Amino acid sequence: METWIDSMASSFDTPLAALTASEIVIFPSIPRPGDIERCAATLDDLHGEPAVAFWKAECRLLADELSRCGLREEKIRERVLSFQAAVQAALVERHQLRALSESRARQGRRRRRL
């Protein structure tokens with residue numbers, strides 16, 4: 001005798017098979033904020049060849065992931081360039097915040113001396 005759980009489980013077999021054979025792939029259309037911040041933080045600490053190697057590896061990982069999702073080469077390039085721009089903007093923001101913080105600290109020291 002088939003239970004309702006067995007019946008329910010077998011009813012999922014067909015939709016799951018259809019999903020695995022489908023050409024529709026769902027993934028974020030914008031770079032993930034966590035990856036952007038992680039890369040910006042890492043690049044902020046690295047310099048020279050280690051920074052270049054890290055950056056190339058991250059961009060290659062993203063391109064490979066997008067390729068596995070079935071994107072064409074021009075879309076992959078577009079997404080990687082978008083990711084690069086987002087990381088660059090995050091780096092600029094990090095540097096601006098640091099400069100602002102340092103400036104405020106200097107002003108605070110001057111005020112205490114007066």
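## Exercises on a helical model

With a relative accessible area of 29%, E65 is partly exposed; buried stands for under 20%, exposed for over 50% and partly exposed for the range in between, with a 1.4 Å probe and protein chains only. The model is a predicted one, in which local features need pLDDT of at least 70 and side-chain atom pairs count only at pLDDT 80 or more, whereas totals for chains, interfaces and linings use all residues. Residues are numbered from 1 along each chain as its sequence is written, and side-chain values use heavy atoms, leaving out hydrogens and water.

### Exercise 1: the fold

Work out how many helices and strands the protein has, and in what order the elements run from the N terminus.

Step 1. The protein contains 4 helices and 0 strands, where helices (H or I, at least four residues) and strands (E, at least two) are DSSP runs numbered from the N terminus. Step 2. Read from the N terminus on, the elements follow the order α-α-α-α. Step 3. Of contacts between residues at least 6 apart in sequence, 61% join residues at least 24 apart, a contact being heavy atoms within 4.5 Å. Step 4. Among the 114 residues of the protein, 18% count as buried.

### Exercise 2: helix α4 and its cover

Compare the reach of helix α4 with its expected span, and find which of its residues are buried and what covers them.

Step 1. Helix α4, residues 73-113, has 41 residues, and its first and last C-alpha atoms lie 60 Å apart, close to the 60 Å expected at 1.5 Å a residue; that expectation is 1.5 Å times one less than the number of residues. Step 2. I76, V80, F83, V87, A90 and L91 are buried in α4. Step 3. The cover of these buried residues includes α2 (33-45) and α3 (48-68). Step 4. The structure holds 1 aromatic pair. The rings of W55 and F83 have centres 5.7 Å apart and planes at 20°, so this pair is stacked; the rule takes rings of Phe, Tyr and Trp (its six-membered ring) with centres within 6.5 Å, and counts planes under 30 degrees apart as stacked, over 60 as edge-to-face and the rest as tilted. W55 belongs to helix α3 and F83 to helix α4, 28 residues apart, and the pair links these distant parts of the chain. Both W55 and F83 are buried.

### Exercise 3: charged side chains

Determine which partners D44 and R94 find, and what R32 and E65 tie together.

Step 1. D44, whose place is in helix α2, is buried at a relative accessible area of 10%. Step 2. Its side chain makes polar contacts with the side chains of R94 at 3.2 Å and R98 at 2.3 Å; such a contact is a pair of N or O atoms within 3.5 Å, where within protein one must be able to donate a hydrogen and the other to accept it, and residues adjacent in sequence count only if both atoms are side-chain atoms. Step 3. R94 also forms a salt bridge with E37, their closest N and O atoms being 2.5 Å apart, the criterion being a side-chain nitrogen of Lys or Arg within 4 Å of a carboxyl oxygen of Asp or Glu. R94 lies in helix α4 and E37 in helix α2, so the pair ties together parts 57 residues apart in sequence. Step 4. R32 and E65 meet in a salt bridge of 3.2 Å, N to O. R32 lies in the loop between α1 (4-21) and α2, and E65 in helix α3, so this pair ties together parts 33 residues apart in sequence. Step 5. A network of salt bridges links R32, D35, R38, E58 and E65.
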